[in-house]
Amino acid sequence: MINIFNKPASFHNCLFDNILCNGDVDYSSLITFTSSLNNNYFNMNEVTINKCMSNGDFIIIQGSKSNIKFENMNINNTISYGSLINNLSFNSEIIISNAYVINNKNTNKLKCGLITNNGNTNLIIDNSKFERNENKNNGGVICFMNIDDSRIKISSSSFINNYALNGGVMYLYDRKLNDIKKNNDFILEIYDSSFIKNNANYFGGVFNIEANSLKILNMKNLNFTKNSAYAGGILYSNTINFNNFQKDIISMNNIAESHGNEYASSPYMVNLNTTNSNEISVKSGDKYPLTFVLKDKFNQTVTDVSRYYSNMILTIYDDNDKNIENIKITGNICSFSKGICELKDFKIYSETAMTIDFKFSIQNENKILFGNNKLKMIINECNEEQIKMYYNKYYYCEYPKCDLTTCPNENANCEKGDLENINTIKSNHCICKGGWGGNNCSEKIYANIRYKFIYIKYIYIYIFYINSNYI
């Protein structure tokens, strides 16, 4: 509708009400402003935008070094198929002061944020209110898709009941996330502000931040209340130092369905939870259950009840290929359910007693670490009282079998016979325990101590008599 090219622009005391910007997608904006080096100023003061609709971004800022101000402004009940303000200008500054942005929607599932920035930007928000805004993509209010040398400073503002898929209020993403040579800085400062009842369908009820370049993070006198997400009721990030979020804030009743009512990351580490030792001893064929726990960077169990993360399959394997012909491993694969992976039937069959060094691997697109990726398992020979049995060429150990009706455990011992690899009731022996005998070892054997008692009594009297004569 309004196209401003290489000229400064100022709107004062204006009302845009019930305007329909209909046309081709991305070419149906209310205002398109393209700045130049000498004409880079765009200002809206005492402006109200109400009940408008557009088939693309509502306001577009282009060019470079744009100087943008939105002061004493109201944007209400407006629906755009894109951002309300899409800043494509590089090295720009946007100031939003005394603004009320209430009940607006970005219905484009492919575009993030109501206030979107794609170039190096200095964004300042002061004394403003953002309430009941919704985005079908990421960033319920603010979205940065390129944060190199950018800065966000928010003060004395409130964010209430905003919604997005990820980052109910703010979504910050670094397109050069994996560029280790990048040396740009990003600064995030938030003071004296409140975040209440914001929600993300997936990750980060308030913030979703994936940015290695975040160098300064200052937060003071903040209130986070009843924010919610699948993971990270307040914050979801894999890249930043969460300790900076712990200072001078109030956090109450924030909720996450999977993990991290306040702060969370994606699955980060798998810990072996069954034993404190990295060395265990078993016998060939013994069942030895192992339990693994999936943790995030906060050491919180990733329960993932709705299984949003891709299916993660854990395998334990022998690190030495030379043992492949000498051992057989069963029950060594499991998948995670509610943060737990259980190898309930893990067994090792071996030809001989030996030591095996196991390693763990996990099949997943995420780079998940192991708390300890090694487990030494010592395969011992059978105990003396056990029978050595064979499963193909592998041995395993069994205790002798006896008929419990004729050889009850409380009265008798079941002892192995003389043959190896045979464990039947007929081949083994039932030996009564001391004090038991008779049929089925069911009769108690009593000792006859009558004469012993008389003999002791006689000696006692005799000694007493000698002592009497002596006196």
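**Exercise 1. Pairing around strand S4**

In what sense do strand S1 (residues 2-5) and S4 pair, and over how many bridges? Then find which strand S4 pairs with besides S1.

*Solution.*
Step 1. Strand S1 (residues 2-5) and S4 pair in the parallel sense, over four bridges. The model is a predicted one.
Step 2. Take one bridge as an example. Asn-3 has Thr-32 as its bridge partner in S4.
Step 3. Now look at strand S7 (residues 59-62). S4 and S7 pair over four bridges, in the parallel sense. Ile-31 has Ile-59 as its bridge partner in S7.

**Exercise 2. Side chains of S4**

Sort the residues of strand S4 (residues 31-34) by the way they point, and decide whether they are buried or exposed.

*Solution.*
Step 1. Ile-31 and Phe-33 point one way.
Step 2. Thr-32 and Thr-34 point the other way.
Step 3. Check the cover. Buried means under 20% relative accessible area. All four of these residues are buried.

**Exercise 3. The whole sheet**

Write down the strand order of the open sheet that holds S1 and S4. Which strands are its edges?

*Solution.*
Step 1. The open sheet has ten strands, in the order S1-S4-S7-S11-S15-S19-S23-S26-S29-S32. The pairing is parallel.
Step 2. The edge strands are S1 and strand S32 (263-264), since each pairs on one side only.
Step 3. Pick a pair inside the order. Strand S23 (residues 170-173) and strand S26 (residues 207-210) pair in the parallel sense over four bridges. Tyr-173 has Glu-210 as its bridge partner in S26.

**Exercise 4. The chain as a whole**

How many helices and strands does the protein chain have? What share of its residues is buried?

*Solution.*
Step 1. Count the elements. The protein chain has one helix and 49 strands.
Step 2. Turn to burial. Of the 471 residues, 46% are buried.
Step 3. Turn to contacts. Take those with a separation of 6 or more: residues 24 or more positions apart account for 77% of them.
Step 4. Turn to the surface. The protein chain exposes about 24,300 Å², and carbon and sulfur atoms supply 48% of that area.

**Exercise 5. Counting disulfides**

How many disulfides does the structure hold, and what pattern do they follow? Then find the cysteine sulfur nearest to that of Cys-52.

*Solution.*
Step 1. Recall the bond. A disulfide is a covalent bond between the sulfur atoms of two cysteines.
Step 2. The structure holds six disulfides.
Step 3. Number the bonded cysteines along the chain. The pattern is then 1-2, 3-4, 5-6, 7-9, 8-10, 11-12.
Step 4. Cys-52 is in no disulfide. The nearest cysteine sulfur belongs to Cys-21, 6.9 Å away. A disulfide needs its sulfur atoms within 2.5 Å.
Step 5. Cys-52 counts as buried, at 0% relative accessibility.

**Exercise 6. Handedness and cover**

Three disulfides are Cys-334 to Cys-341, Cys-407 to Cys-430 and Cys-432 to Cys-441. For each, is the disulfide right-handed or left-handed? Which of their cysteines are buried, and which partly exposed?

*Solution.*
Step 1. Start with Cys-334 and Cys-341, with S to S at 1.7 Å. The torsion about the S-S bond is about 110°, so this disulfide is right-handed. Cys-334 is buried at 7% relative accessibility. Cys-341 is buried too, at 0%.
Step 2. Go on to Cys-407 and Cys-430, with S to S at 2.1 Å. The torsion is about 95°, so this disulfide is right-handed. Cys-407 lies in the loop between strand S45 (394-398) and strand S46 (412-415), and Cys-430 in strand S47 (residues 429-432), so the pair ties together parts that are 23 residues apart in sequence. Cys-407 is buried at 2%, whereas Cys-430 is partly exposed at 33%.
Step 3. Finish with Cys-432 and Cys-441, with S to S at 1.8 Å. The torsion is about -85°, so this disulfide is left-handed. Cys-432 is partly exposed at 29%, whereas Cys-441 is buried at 4%.

**Exercise 7. A surface patch**

Which residues make the nonpolar surface patch of about 270 Å²? Where does Ile-79 lie?

*Solution.*
Step 1. Leu-20, Met-53 and Ile-79 make the patch.
Step 2. Ile-79 lies in strand S10 (residues 79-80).
Step 3. Ile-79 counts as partly exposed, at 31% relative accessibility.

Notes
Residues are numbered from 1 along each chain as its sequence is written. This is a predicted model: local features need pLDDT of at least 70, side-chain atom pairs count only at pLDDT 80 or more; totals for chains, interfaces and linings use all residues. Side-chain values use heavy atoms; hydrogens and water are left out. Helices (H or I, at least four residues) and strands (E, at least two) are DSSP runs, numbered from the N terminus. Buried means under 20% relative accessible area, exposed over 50%, partly exposed in between (1.4 Å probe, protein chains only). Contact means heavy atoms within 4.5 Å. Accessible areas come from the Shrake-Rupley method with a 1.4 Å probe; for residues, only the protein chains shown count as cover. Two strands pair if DSSP finds at least two bridges between them. Patches are made of residues with over 30% relative accessible area and no salt bridge: like charges are joined within 9 Å, nonpolar side chains (Val, Leu, Ile, Met, Phe, Trp, Tyr) within 5 Å. A salt bridge is a side-chain nitrogen of Lys or Arg within 4 Å of a carboxyl oxygen of Asp or Glu.
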